[in-house]
Amino acid sequence: MEDGTQQLGHCMVDMKELSANPEGLTAAGVLLTPRLHQVELSFACNDLVASGRDRKPSALIQVAVIDPHELNLVTQTCTEVVEANKDPLFLTGVTFPPDYHVSPETLVKLSVFDAKDKNQDSNNFLGSVTFSIGDLLRAKDERLTLNLRSSDGACAAGTVVVSRLKMGEMEEVDVDHIATDIPSQKCPLVCESASHVCSDRENNPVTGPVFKNPVCKVYRFQTVDSKWLLVREQMEECTLSFSIPKQLLLLYIREDMNRMQDLKELGELSPHWDNLRKEVMTRYGGVISSYQETLAEMDKTSGRSFKPSCCKAQKSLEFIPINLHTQRMRVTCPRKTDTFYDIVTVGAPAAHYQGFKCGGLQRLLSRYEAEKKSFSTAYQCIYYSPEHTAKAQEVLSSVSLLQPLITSLADQLLQAAQERSSSGLKDVLKNLSDKTEQFVHTLKDELVKSALLALHAAQPGYVSKNQRQNPVQTGQQQGHTNCGQNHSPVQDLPGHSPATLVSENTAVCNNVEGSQTTSIREGGPLTLKHQDSIPHQTEFDEEEWDRVWANVAKCLNCVIAMVDKLQEDDNSRQQSAPEQQRADVITSHNNTGKGLVTQRSSGNDGSVYGDWREQLKPVVTRLKECVTEVVEKAKKAMTFVLLQEAVCSIPQGFLLQQRRDVVFSQALAALACGFIMRLYAGMEDKGFLQQLHLVGLLAQFESLLSTYSEEIGMLEDMEVGISDLQRVRFKITEAKTDDLSDLQPSVCGQRDHFTVEVPLPRLLFQTLPEEIRSGKLLHIFPVLFNVGINEQQTIAERFGDISLQERINHKNFELLEAYYKLLSESMPQECLPSFHSQTDVKELLETLGQNVVTKKRKNVEILWIAGTICRRLNGIRFTSCKSAKDRTSMSVTLEQCALLRDEHHLSKDFFVRALDCMRREGCRIENVQKNIRCRKYAFNMLQLMAFPKCYRPPEGTYGKVDS
């Protein structure tokens, strides 16, 4: 190829490498106004001369940029091939990314080739021409008609028409001298309205720290009424690919360190249990060490913002999502507002490094739970079901959050008393009551009581009360002080089920150390005496927990009674205030100076303030002490439950937890990326913001994995990872400053619940509804639909098993249906986005339900309908396959063209051409290039024969490559 340009078809999109000298706006560059942040060009040719006189050329244009400072040539992109046409109109345009500083002096070289085959391996050079951006800007209607010159420069090879495209309002004009292969086709003139406000993400500083390295493509397509659509693709990387997993690793490490500390604080245990504790702590130490090494390796990869598919099995990057990108399609129609369609593409969240020889998480967890009972017998420990283990984690999380809140509110109550603020006392007391009742309710579970007995039984020298007395019959009531049934003797502990020990009629004392109050919990009055701790070593009082736990509620009642008494006294004092004022006036006349009056009045007020605080302080202090005591016991009890879980988990459970951590990390990074993308797009949509805080967002994951061989394990991993996203909440906060570093999302929490905080600049934050600004946690409803489309799925459907896919689709259809019901009950349909297609969401759900239960091979209609419902419900769209570059590219481009057809009247004559353009020269082929350094989809002809026709790439864009 001439002039030493790079190989034809290689697209260099990152123009920052082209010139390190950002001198775009010079004195001579007055023509290049700030509005020209983005330059986009369209092309057409006339009277092309083919190398053979008996054939018409199949033309394509290679576009190269000549750096005016370096005078070197860099290939930018090329158009699609228009077959057998001497007057081709190219649908694929050229866009210069905003980070490339285009100036009027920038030179563009166009080289026209005759592609003899679709592989573009052998091309005949027809002619070339060079022009400057300044020439284009000065031309009438910003359009140039240039003569092509052959390689020897001796003869004309035809003409090329260059037009500048602008996103904005379009007007159709007739340009008769440009013909195409469609007789009625006219070339559009695209102009930008003066009132048009560009809302591209690259112009929004909020997205700076989140999205980067944009790849832009532009097209023009004809509608059914012979008008024109201007379509722009933009694909970006997301910095959350690395930042979210790093934060999660730190949280995993901290959680496991805390768990080790809790195990140490269990105190002295019998030799058997002490050895088990040491073994579990060793396992935790190994996990922590492994995570710390992974984190250190990830820190070495600073500056990267995506993991290519060729690194999917790399251990140091196993927590990073594969090939995570966002993609936006912006559509400009004549005399209509621009429309945006967003999607997130990511490789299936799965533990590729650990492999899939034994299956994925869903199968491994099921097998593990079935085997755990036998592990408990082998280790002579108590078996707790997954529900009990989850409850123990919930109790630990809740008390760790509620205890500091209760302590803080108690201190605020004393401060309000010090200030003698009746309204302040009332407000703080209400919050204190709510949090304390929540605290008491959290511990209203027989699991805590049974775990305390089990813990005491694991201590040296344990003697059970039941071993010293006659056994009590099961179900017999132990007086009016007993909360539930007695436990079986210690030798029966390994087989007991704590969940069966809950009693509905829990009695509560309403007398603490002589104070008569009303209980905030149900049940009759009962006298309980406070005891400091569980009896040591000799016997275990099974009623002790009931007394300690109930004391919290009774102490709160004492606080409430004291506040009521203080306010009643204050009201009585205010009623007698006029008489006191008259006495003060008489006193002031009987004194020669005012100092005495001031001193007396001040002294009286001070004594009143001190009286309130001093009267409240004992009961408030007692409440805090009771809460601390309960937390200490509950924490030890639940830690012991988790110790049983950990003992039964050796070694398989720890490996499964690591696998689950890996998969969840990838899924959360993708979710956070999609949430932020959707939030930015909907900041001015009041209906969307209302939906966000009233109900939450739907996150719809589309998977194209097969149910055969290794991909079964990937799908099993992905199913669990997507389901675990139900534990995630989002919280939007106000950024400390508008600096980009303060706009990075952060993650907090632990494995059973995580919160992603998304900071926004102050001015943007103030536009949000009050509910969101007040810190309300925002819910996410993840759903997953899978339909395999490749040749492995053909084998699975004919000779294998597709029950996994059927179960996933059926289960998630029910989740989607439940979300729609919740949404319909919570807000009016008018708040949802409007689409040209008038099909009702309820009808779409019915059709989806029918397709889910229909036995049909490669029923991709499930994916199409689910995606449509997601967009109708303001949801976040995700598409995945193994690496998010091949099958995912086919799906994304098909969805984009379907949207153009259904919502923007894309002509059916242009549908296939549009699809081929996007697949051959669009953002998705650039994604392939970024991942494997080759512009070929990883398909072969045999594989594609098994694909649904609409998922097959154009000829010449696929081949055998390492993916």
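## A tour from salt bridges to the sheet

Begin by selecting Asp299 and Lys246, whose side chains meet in a salt bridge with 3.7 Å from N to O. Asp299 belongs to helix α3 (residues 271-299) and Lys246 to helix α2 (residues 240-264), so this pair ties together parts that are 53 residues apart in sequence. Asp299 is partly exposed at 45% relative accessibility, and Lys246 is also partly exposed, with a relative accessible area of 21%. Keep in mind throughout that the model on the screen is a predicted one.

Next, select Glu394 and Lys391, which form a salt bridge whose closest N and O atoms are 3.8 Å apart. Both residues lie in helix α5 (residues 386-418), where they are three residues apart, about one turn of the helix. Glu394 is partly exposed, its relative accessible area being 40%.

Then move to Asp87 and Lys86, another salt bridge, in which the closest N and O atoms are 3.3 Å apart. Here Asp87 counts as buried at 13% relative accessibility, whereas Lys86 is partly exposed at 37%. To see a network of salt bridges, select Glu255, Asp256, Arg259, Asp661 and Arg751 together, since these residues are linked in one. The count for the model comes to 39 salt bridges.

Now turn to the sheet, and colour its strands in the order β11-β12-β13-β14-β22-β17-β21-β18-β20-β19, which is that of an open sheet of ten strands with mixed pairing. At the edges stand β11 and β19 (746-750), each with a single partner strand, so one side of each is left without a neighbour in the sheet. From one strand to the next, the twist averages 25°.

Within this sheet, select β18 (residues 728-734) and β21 (residues 778-786), which pair in the antiparallel sense over two bridges; Phe730 stands opposite Leu778 in β21. Adding helix α14 (residues 710-724) shows it lying across β17 (697-703), β18, β21 and β22 (876-880), at about 160° to β21. Helix α22 (residues 908-921) also packs on the sheet, where it touches β11, β12 (228-238) and β13 (325-332), and its direction makes about 155° with that of β11.

Finish with two backbone details. Asn213, in strand β11 (residues 211-222), has a positive phi of about 55° although it is not a glycine, and its relative accessible area of 25% makes it partly exposed. Asp141, in the loop between α1 (133-138) and β7 (143-149), likewise has a positive phi, of about 60°, without being a glycine, and it counts as partly exposed at 41% relative accessibility.

Terms used. Residues numbered from 1 in each chain as written. Predicted model: local features only at pLDDT ≥ 70, side-chain atom pairs only at ≥ 80, totals over all residues. Heavy atoms only, no water. Helix = DSSP H or I, 4+ residues; strand = E, 2+ residues; numbered from the N terminus. Buried < 20%, exposed > 50% of the residue type's maximum accessible area, 1.4 Å probe, protein only. Pairing = 2+ DSSP bridges. Axes fitted to C-alpha atoms, helices over the stretch in contact; angles between N-to-C directions. Contact = heavy atoms within 4.5 Å. Salt bridge = Lys/Arg side-chain N within 4 Å of Asp/Glu carboxyl O.
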